[in-house]
Amino acid sequence: MDEILILAETKETQIEKSTHELIQAGRELKSALGGILSCLLLGEGMDGAVKDLEQYPLDRIYLLENPLLKDFSPDLWVSSLEQAVRNLKPKVFIMAHSPTGREVGPRLSARLKSTLTTDCIGLRLDPEDRRIVRVKPIYGGNAVAVLKGKGNPELITLRKNVYSPAAPEGTKTEIIKLQLALSDQVVKVKALRTIFREQVELDKAEVIISGGRGIGAKEDFQLLERLAELINQRGIKALVGCSRPVVDKGWLSSDHQVGLTGTMVAPGLYVAVGISGAIQHLVGMVRSKKIVAINTDPNCNMFKVADYGVIEDYKEILHHLISKLEGLS
Amino acid sequence: MLPFRDTFFMIQNKWIFYLISGLVVAFVVLVFFYYVATWKKALSGKTNTNKRPNIRSLFIAIKNVFLGIRIFKDDILAGIMHFLIFWGFFALLIGTILLSIHEHIVKFLMGNIYIVFSVIMEIAGLFLISGTVIAIFRRYILKVKRLQSYTEDLLIPLFLILIVSSGFLLEALRIAQNPQRWEKWSFVGWYLKELFGPGVSEGAYPYIWWFHAILSLSFLLFIPLTKLAHTILAPTSIYLQNLPKEDGDKAQMEEEDSASEGSDKEAQLPQRPFLTLSHLIFLDACMRCGRCVEVCPSTLAGEDYAPRDFVQGLRAWVWQSFSSHGDPRLFTERSPDKMQRIWNCTTCRACLEVCPVYGPTFELVMGERTLAIEEGTSVPDLLNQTLERLYKYENPWMSSKKEKLGWIEEGSSIGFITKSFKPEFCYFVGCTTSVDPRARGIAKAFSNILRSSGLEFGIFGEKEPCCGDMAKRVGELGLFEEKKMSCSDLFQSYGVKNVVTSSPHCYFNFKNEYPQGMFNVFHYTQLIHKLIKERNLTIKKRLDFTVTYHDPCYLGRHSRIFNEPREIIRSIPGIKLIEMTHNRENSLCCGGGGGRMWQGNELNGTERMSERRAKEAKETGADVVLTACPLCLIMMEDAIKTLGYEKNLKVMDINELLKMAIDEEKR
Amino acid sequence: MKELKIIVCAKQIPDPEAPFSAVTVDSKKKEVKVDAPEVISPYDENALEAALRIKESSKAFITVLSVGSSLSDTVLRKAIAAGADQLVMVEDDSFGRLDSYSTAYVLSKAISMLGEYDLILTGRQAGDWDWGQVGLILGEILGLPTINMAAGITVRDGHVEVSRLVPAGLELVEAKMPALVTVSNEVGELRYVSRSKILGMLKKRIPIKKVSKGDLNLEPEFLNTMELLELLPPSDMRRDCVIVEGATGKEKAERLFEIIKQIL
C-alpha cells in the first residue's frame, strides 16, 4: 500500500501552520494515489502536538520522541529521518520549504539517492507511471518548471502559504511510536549557543504594511509601524514588512522581508508602500487576498498586481490614514 | 637741514643684527626646502610636467594677494582685517628693506621722500595693529562660527601687536631725545614722545631697539612653522590652481599611469597617485578659514563632513606619511581621521568658489574615492550595486537597457540615429532622464520644443550608453574610461557633430572629460537660448507665474552657464523671476550630484540638502521652482513633497515651463 | 601558520536582477531566455566575500570552482579580480541541466582532484533555479561537517566557527575542518571589484585551470539531467487595479481609508 508521509514541524511543541498545509497537500494527493496519509513527528514532549494532529485527516502518526531531538540539530535530524524513511518506505515524503525542510531535505536526498524538488507550489500524480509531478517556480518566479524525480521515496519540499491549511476532521488516527538507535556520535557540528532575536512572523499576520526602495528614510518606517500599531489596536494582527532593498540597507532585519528569499505571505490585506514590484517580491505576496499599492510611479509593476492603487507620495497618504485611525479610537 | 634719520641711532655692533637676520632667513628658507622635499616624496618621484608661465593665473594671484578679493567676499569685516594686516605687514617689511638699502647702498630716504616714507610707515603700523585687533575681536568676541581656533590663532596677533607697539615706542624714544620739526610726520611717535623725558629715553632706547629687532626677526621664524606659511604658499596655490585645466589634467593622467605601473615594486610607501604638486601646496596653504564649511551643502545639512576637516586630515596624512622629521607646523590637526569621510561630498564646487587659495577640495575627495573603489571593501552596498548596474545596463537605475525608451510617448515620432539618418543634432537623453518617471518629463518637453523649432534631431535610444559622469565622480575611473570609449565610438561611427544633453552632468562630462574637438556639445539651455534668439521658437502664451530658478551645480558653478537659463525664463511673457538667497555661483546643491543620489540615506545629517534648498525656494514666495537638471528635478520634487509644500510650490524643469508657453492654446 | 585552502563553488547564471520583461519562456524548447548579462550567482558572491574576509586575517589560498556548460572566463574572472587565487572551470556541454545531486557529484570529483582543502563554501542557493541543494549534497558526498545558512564565518585552530541563521535568531556553531558551509547574504555583499582591476587582468596571465569531463573519471550512473516535463510562463498575477482618485493627497487618503475599512 502506498504511503504518503509528511514531516510535521513544531515551534515550542505547537504544530506549525505549514504542517497543516502539508496535510492538505497530502490529502489531495491521497485522493488520486490512494493508500494512506501519515505524519512523522520528531521531538521531545510532543503530547500536545499529537493531540493537535489527531484532529486532522491522518491515518497514522509516527512519533519519534528522544531527548536528543528536543532542539533542531541538523545532523541528528537527518540521521533519524534517514532511518525512519528507510524503515517506513513511504512512496512520497513531503516536507515544508521551511528552514528545517530546506536543510534536511537535500541531505536526505543525498543519502537516499532520490531526487528532491524544493520549493514546490503544486503536486499531482501522473496516472500513467504513478509518479509525482512536481511544479516549481524558477528564475525568481519568471517561469514555472514541471518536473519528475528519480528514486524512492519521492522527495518534495512545499512552499508555504500555497495550500490552505487542512480543516480538522474526525478520522481514526493510529499512533505509532518509533524506536530508533540514536546517538550523538553523528553530530559533527557542535552548537555553541543561540543568540535569540525576536522574530516577526509575517506569515501569521492578517494585515501587512510593507515598505520598499521608495521609502526615503529609515525614520519613515515609523509611519508604517504606527499604522500597523493602530490596526493592531482594533484587534487585527498587523505587521510591518519590506522588500529586499530595505533589508540590504540594514533598516529592517531580514525576518521582515517578503519575497522569494524572505517570507512568502498571503494576508487578508497587503499594503505595498513605495515598492515598485520586482518579481522576487511579487511572488512572495501575490496570494494576498487584497493588495493596495501606494507609489508615485503609475507604471510600476505593483499596480499591475494590486486591487487598489494610490498614485501619491506615501508620506502624505500614511499621515492622513494615521490621523484618521487615531480619530477613530 | 634735510629731514632724515640715523638708521642705527645709538646702536653698537650692528653686525650682530645682520648675523641674526641672516640666520633667520636661512632657517626660513631651509624649512621651506623641507616642505618641498616632503611634497616631492609624496609625489613619489613623479615627474612634474613643466607648466608654462601663465599670465592670466599670475594676474589672478596678484589680484588676490594685493586686494584680497576672495577674503572680502561675503565677509567684509574679514576682508578689512586681512587687508589691514596684509598692507601693514607688507609695507613695514618693504620699509625695513628700504632702510637697509638706504644705509648700505644708496642714501635716498631724505627730505620729502623721508617724510612720505615716515607717514607710510606710521599708517602701516596702525593698519597692522588695527587689523590684528579686528582679528582677535572676530575670533574671540564675535566668535565667528566658521573659525576653528588653535593656539597659533591667538599667538600670532599678539605677537604682531607687540612688534608694532615696540616699534612705536622705539620711535617715541628716539624723537624724545631730539625732537626735530619734521618728526611730527611720524605722528604716533611724536604724540608718544611726551610720555618720556630725554634721560629715560636715552637709557631705554638701545634695549627697546634690540627687543623690537629680535622680536621682529623671531616672528619671521614662525612663518614656516605656523599658518603664516600661507604668506608664501597662498599666492603659489592661487597661481597653480588657476593654470589652464587642460594642462593640469593631462599632467595628472600621465602621472597616474606611471604610478600604477611602478606601484608593484614600491608598495611599501602609501600611495595617493592622484595628488599633484598644486594639491599639496593647497593643503599646506589652507588657513582653516572655514569659508568652505560655511557653504558646503553637506555641512549645512548637519552631516558629519566638512571640507576643511577633510583637507586638514589629508594634510596630516601627507606629513605623517612622507616627512622625514615630522610636521613643521607647531599648531595643527595631527590626525588624518577626517579624510575617511569621502562619500558625503556632492562635488558641487561650492568650496572652491569661496576658497581664498582656490583649493579644489572636491577633487581631492574624488581622488580618495578612486582608492576606495580600487580597494573595494569600503564601497557602500548601494553604490556597489549601482556601479555594477551602470556597467551591465548603461544606467545607474534599472537592470534593463530597454527602459531607456520608456519616456517616448505613443504616437510621437522621434527619429533614431542610423547610418542613413544623421541629423544635425544628437539629443543625448541621458540615463536619469530616460528612466526616471519624473525626469522623463524633461525629455518629453524638450523633444516637443525641438520639434516645434524645426531643428533636425535624433536619439540613440537603447543604444545610448551612459556618459560615465557618475562613475567618474565616485572614483570608478576604469568604468568611466569604458563609458567614454563607448560614447566616443558611437558618436564617431555615426558621424555625430553636435550633441545636446538634458543633464548638466553629461554636458560637463562631454565638455571637460572627453577628448576636445571631437564633437560640439550643448546643454539644452544653450540650444534653446539660441533658438529663441534666432526666432526659431515662438512663444505663444502668457504665463502669469512667479518663478525662482535653482542653478544646478554642474551647469552653473562648473560650466559657468548662469545667464542662458534666466534669459529663457524671462523671454516668457508674464513670468516674474525672483532669485533665492543662494543663486548663481553661490547656488546651494540639491544633494543629487557626485554620486550622492546613489548613496542611500546613511550619510544624512539633521536635514536633507534638498529640503534646505526647497525651504529657500519656498521663502521666495514663488509658485514654481525651476531647474535645468534631472537630478535636481528629482531631488527637489521629493523634498517639496516631504515638506508638504506641493500645493503652493511646484518643481519644474525649464523645458516643461517653456513647453507650456509655446503650446497652442486649447480652444 | 599553515595556509588555509578554501574552495568557493560559484555558478554562472543570467543576472537575476533583470526585470521580468527581460525573461522569456520558450515552452517548446523548454528553455528560459534571459536578455541580461551573465553573472556569478549572488549567494556565491557572498561565499566568495566570506572567503576573502578569512584571507584577510589568516593565510589562505582561495580556489573558485565552477561547473557548467558554456562558462565564460570574462564573467568568472571577477572572482580572481576580487582576490581569489585560482579559478577552476569544469565545463561540458552536457553539464547544462544536471540535477542537483549530479552537479554536487561533479564538484566533489573536481575537489578530490584539486587535492587537500580545509573549507568549502557555497551559496545557499543559485539565483536561477533556486534549488538550494548542491552545497548540502556536496557536504554529504564528501562526508564533511556541513553548516547551512551562514551569516558570519571565522576560522581558528583547525575549526570553523559559524553564526548561522535559524528561525529563533542566530545560532553559533563550530566544526572541525575540513568542513562545508553554505553562505547567506547576511555575510555581506562581495566587495566592489573595479573595472580597472578586471581589465588589468587582461594584461596578466590569469590563473585559470580548465578541466574537462574526461579528466574526472565520472561514473555515468551519477550523471543525470533533470527530468523536465514542461517549462511554462508564470501564471498571470495581474489584477484589475482600481486607481484611487482624488484632487489632493488628502482626498485620496480618505477614499483609501474607506476601502481599507471595508476590506478589514
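Is B:Glu403 buried, partly exposed or exposed, and what is the relative accessibility behind that label? In this predicted model, B:Glu403 counts as partly exposed because its relative accessibility is 26%, and partly exposed is the class between under 20% and over 50%. The answer is a handy way into the salt bridges, but the overall build of chain A comes first.

Chain A contains nine helices and 18 strands. Its C-alpha trace spans about 60 × 45 × 40 Å along the principal axes. How does the radius of gyration of chain A agree with that of a compact globule? For 329 residues, a compact globule would have a radius near 20 Å, and chain A has 22 Å, so the two agree. Of the 329 residues in chain A, 62% are buried. Contacts tell a story about sequence distance as well: among those in chain A with a separation of 6 or more, 64% involve residues 24 or more positions apart.

The surface and the charges of chain A can be described in the same spirit. Chain A exposes about 12500 Å², and carbon and sulfur atoms supply 47% of this area. The chain carries 43 positive and 41 negative side chains, and the centres of these two sets lie 4 Å apart.

Over all chains, the count of salt bridges comes to 81. One of them brings back the residue from the opening: the side chains of B:Glu403 and B:Arg440 meet at 4.0 Å, N to O. This pair links distant parts of the chain, 37 residues apart, with B:Glu403 in the loop between α17 (381–393) and β1 (425–428) of chain B and B:Arg440 in helix α19 (residues 440–453). While B:Glu403 is partly exposed, B:Arg440 is buried, because its relative accessible area is 9% and buried means under 20%.

Another salt bridge in chain B joins the side chains of B:Arg473 and B:Glu513, at 3.2 Å from N to O. Here, too, distant parts of the chain are linked: B:Arg473 sits in helix α20 (residues 469–473) and B:Glu513 in helix α22 (residues 504–513), 40 residues apart. B:Arg473 counts as buried because its relative accessibility is 3%, and B:Glu513 is buried with a relative accessible area of 14%.

Chain C offers a further example, a salt bridge between C:Lys2 and C:Asp118 whose closest N and O atoms are 3.0 Å apart. C:Lys2 lies in the segment before β1 (4–9) and C:Asp118 in the loop between α3 (100–114) and β8 (119–123), so the pair ties together parts of chain C that are 116 residues apart in sequence. The partners are found in contrasting settings: C:Lys2 is exposed, with a relative accessible area of 56%, whereas C:Asp118 counts as buried at 10% relative accessibility. Salt bridges can also share partners, and in this way A:Asp75, A:Glu82, A:Arg86, A:Arg107, A:Arg111 and C:Glu140 are joined into one network.

A last stop is B:Glu152, found in helix α6 (residues 151–177) of chain B. Is this residue, B:Glu152, buried or exposed? It counts as buried, because its relative accessibility is 1%. Leaving aside residues up to four places away in sequence, B:Glu152 touches B:Pro157, B:Thr226, B:Lys227, B:Arg288 and B:Phe331.

Definitions and conventions. Residues numbered from 1 in each chain as written. Chains lettered and ligands numbered in written order. Predicted model: local features only at pLDDT ≥ 70, side-chain atom pairs only at ≥ 80, totals over all residues. Heavy atoms only, no water. Helix = DSSP H or I, 4+ residues; strand = E, 2+ residues; numbered from the N terminus. Rg over C-alpha atoms; globule rule 2.2 N^0.38 Å. Buried < 20%, exposed > 50% of the residue type's maximum accessible area, 1.4 Å probe, protein only. Contact = heavy atoms within 4.5 Å. Areas by Shrake-Rupley, 256 points an atom, 1.4 Å probe, with all protein chains shown as cover. Lys, Arg positive; Asp, Glu negative; His and termini not counted. Charge placed at Lys NZ, Arg CZ, Asp CG, Glu CD.
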